[in-house]
Amino acid sequence: MPGMGERALSFGQVAESYERYRLGYPAELADTVLAYAGKPVRAALEIGAGTGKATRLFAARGIAVTATDPDPAMLAELRKRVPGVETREAALEDLRSQRRHDLVYAAAALHWTDEDRRWPRIAALLAPGGTFASFGSPARPADPVVAQAIQVALAPFAESDEIPSPDGTPAGDELQWPGTELDRSELFADVRQVVLARRLTVPAGEYVARLSTVSAYLMLPIPVRERVFQRIRDVLPETVEVVADLTLHLARRL
């Protein structure tokens, strides 16, 4: 089984597809984060910025965003999409900054960080009273029959295409990770969890194309990967109804 570090650095090989097929983020997300901050947010640091799906959302609000990512190919795509934004090629654990930010956030990237170091590192990058935000939106078929058919197609090659909760929080619990870790941390307070509902319908080919940007598939040898995608495409209806609820966690630096 490939390690998390290897999976975290797998996306650069499909940076253009990642930009094309991964979902972006709605204006409502930025509204919610900035309302929680409760004061002007002038400088923000983004963890694992990827191709800039969330970067452009906050930069468009006039915030000076420093976008960081350990993968140079992803940052190259980001620079094309969000020109003028400051970028740094580094993982969270390697970031060193004399600047304290009003906001530090991670978009579908926090699970790639080191569990023993993430909160002290994030706290060191935030001004006292500053806001931390983490958000993501796994896109899954709304129809459980379709979801099960995909799982059966994948099963001979991989146990699952999902990232399990880093702290083992069951999916049914009211407070989900990373809210659970934030709630236990002595560095943060006022932890909140917000869910922004989102539904969409996509062609089957587009659904499979999005899977081609998921790390579990990128870890498979290319011939195996292509075989899996064909198996999945064969069990899909022509269009797929997708649940893509956006789960947002917020906390304040003490």
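In this predicted model, the buried residues of α3 are covered by several elements, including α4, β4, β5, β7 (188-196) and β10. Which residues of α3 are buried? They are L29, A30, V33, Y36 and A37. Down the axis of α3, these buried residues fall within an arc of 130 degrees, so they line one face of the helix. The spacing fits a general rule. An α-helix has 3.6 residues a turn, so residues three or four places apart point the same way. Just after α3 comes G38. Its phi is positive, near 75 degrees.

Now turn to the sheet. How many strands does it have, and in what order? It is an open sheet of seven strands, ordered β3-β2-β1-β4-β5-β10-β7. The pairing is mixed. β3 (86-89) and β7 are the edge strands, and each pairs on one side only. From one strand to the next, the twist averages 20 degrees. α3 packs on this sheet and touches β4, β5, β7 and β10. The direction of α3 makes about 20 degrees with that of β10.

Look next at the β3 edge. β2 and β3 pair in the parallel sense, over four bridges. One residue pair to find there is T66 and its bridge partner in β3, E86. A helix, α5, lies across β2 and β3. It runs at about 170 degrees to β3.

These elements meet again in the largest nonpolar core, which has 28 residues. Which residues have the most contacts inside it? They are L29, F58, Y105 and F135. At least two core residues come from each of α3 (27-37), α4 (55-59), β2 (64-69), α5 (72-81), β4 (101-107), β5 (126-136) and β10 (246-253). α3 gives the most to this core, with five residues.

F58 is a good place to zoom in. What does F58 contact, leaving aside its neighbours within four places in sequence? The partners are A30, V33, I63, V65, L103, Y105 and F135. Two of these, A30 and V33, are among the buried residues of α3. Y105 and F135 are themselves among the residues with the most contacts inside the core.

Apart from this core lies another one, of 22 residues. Its members include V146, L211, L220 and V228.

Terms used
Residues numbered from 1 in each chain as written. Predicted model: local features only at pLDDT ≥ 70, side-chain atom pairs only at ≥ 80, totals over all residues. Heavy atoms only, no water. Core = buried A, V, L, I, M, F, W, Y, C linked by side-chain atoms within 4.5 Å. Buried < 20%, exposed > 50% of the residue type's maximum accessible area, 1.4 Å probe, protein only. Contact = heavy atoms within 4.5 Å. Arc of directions from axis to C-beta. Pairing = 2+ DSSP bridges. Axes fitted to C-alpha atoms, helices over the stretch in contact; angles between N-to-C directions.
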